[in-house]
Each structure stands twice: as structure tokens, then as C-alpha cells.
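Got your viewer open? Load the model, switch on a cartoon view, and keep the selection box handy.

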Amino acid sequence: NIVELPKLTNLHYLNLSNTKIATHLTVLKQMTKLTELNLADIPPSSTIVPQILTSLTNLVSLNIAGNTGILNSSVGSLTKLVNLEYLNIEGAP
């Protein structure tokens, strides 16, 4: 249950790729210490909204490849992630 993840207050790396996670992605925005996040190939019903990504200001690496559930407006909001060094959006709309 990813609702419990924000309790891991010192977590810096999170890999949810190829999981069946389809709901509650908004809890990720509370995990502001994350520096690496992998959401590659999660179900299309897992919509990644801008508010989730832009709150993760410490991200250095982000992988959202293969996600058809990413909103087009989310990609443009990535410019707010000033620490981002690696980005994989292959296959995203």
C-alpha cells in the first residue's frame, strides 16, 4: 500500500516501475527528500499529474518511460525541477 510510503521520511530512491500501482500516486508529493524516482511502465490508469512531480524539488533522476497515463501538461512542468540531471520520458505522450 503506497499510502504508507511517506512514513519513510529519509527515503531518497524509490522504484515503482513495472508494478500494478494504479491509485494514490498523490502521496508521492509528500516525499520531498526523493532524489531518484522510477515510475516506468506503470498502469495507464496511474495518471501522473503535475502536482506530484513539481513538489519533488530534490529529484536528480526521473524515469517515467512507457507511461501513457502521464498528462501532457506534466511534461512541461518538469522545467521546475531545477536539480534534475536525468530524465527518461520515452514512450510518454
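Select asparagine 63 to begin: its relative accessibility is 14%, so it counts as buried (buried means under 20% relative accessible area, exposed over 50%, partly exposed in between, with a 1.4 Å probe and protein chains only). This is a predicted model, where local features need pLDDT of at least 70 and side-chain atom pairs count only at pLDDT 80 or more, while totals for chains, interfaces and linings use all residues. Residues are numbered from 1 along each chain as its sequence is written, and side-chain values use heavy atoms, with hydrogens and water left out.

Staying on asparagine 63, colour by secondary structure: the residue sits in strand β3, residues 61-63 (strands are DSSP runs of E, at least two residues; helices are H or I runs of at least four; both are numbered from the N terminus). Now show its side chain, which reaches the backbone nitrogen of alanine 65 at 3.0 Å.

What does asparagine 63 contact beyond its neighbours within four places in sequence? Add Leu37, Asn38, Leu39, Ala40 and Asn88 to your selection; contact here means heavy atoms within 4.5 Å.

Next, jump to lysine 29, in the loop between β1 (13-15) and β2 (36-38). Buried or partly exposed? With 37% relative accessibility, lysine 29 counts as partly exposed. Leaving out residues up to four places away in sequence, lysine 29 touches Gln51, Ile52, Ser55 and Leu56. While you're there, draw a distance between the C-alpha atoms of lysine 29 and threonine 57: you should get 9.7 Å, for residues 28 apart along the chain.

Time to zoom out and select everything. Trace the chain from the start and you'll pass through β-β-α-β-α-β, that is, two helices and four strands. The C-alpha trace spans about 30 × 30 × 20 Å along its principal axes. For 93 residues, a compact globule would have a radius of gyration near 12 Å, and the protein agrees at 12 Å (taken over C-alpha atoms; the globule rule is 2.2 Å times the number of residues to the power 0.38).

Try a contact map too: among contacts with a separation of 6 or more, 50% join residues 24 or more positions apart. Of the 93 residues, 41% count as buried.

Finally, turn on the surface. About 5000 Å² is exposed, with carbon and sulfur atoms supplying 54% of it; these areas come from the Shrake-Rupley method with a 1.4 Å probe.

Terms used
A polar contact is a pair of N or O atoms within 3.5 Å; within protein, one must be able to donate a hydrogen and the other to accept it, and residues adjacent in sequence count only if both atoms are side-chain atoms.
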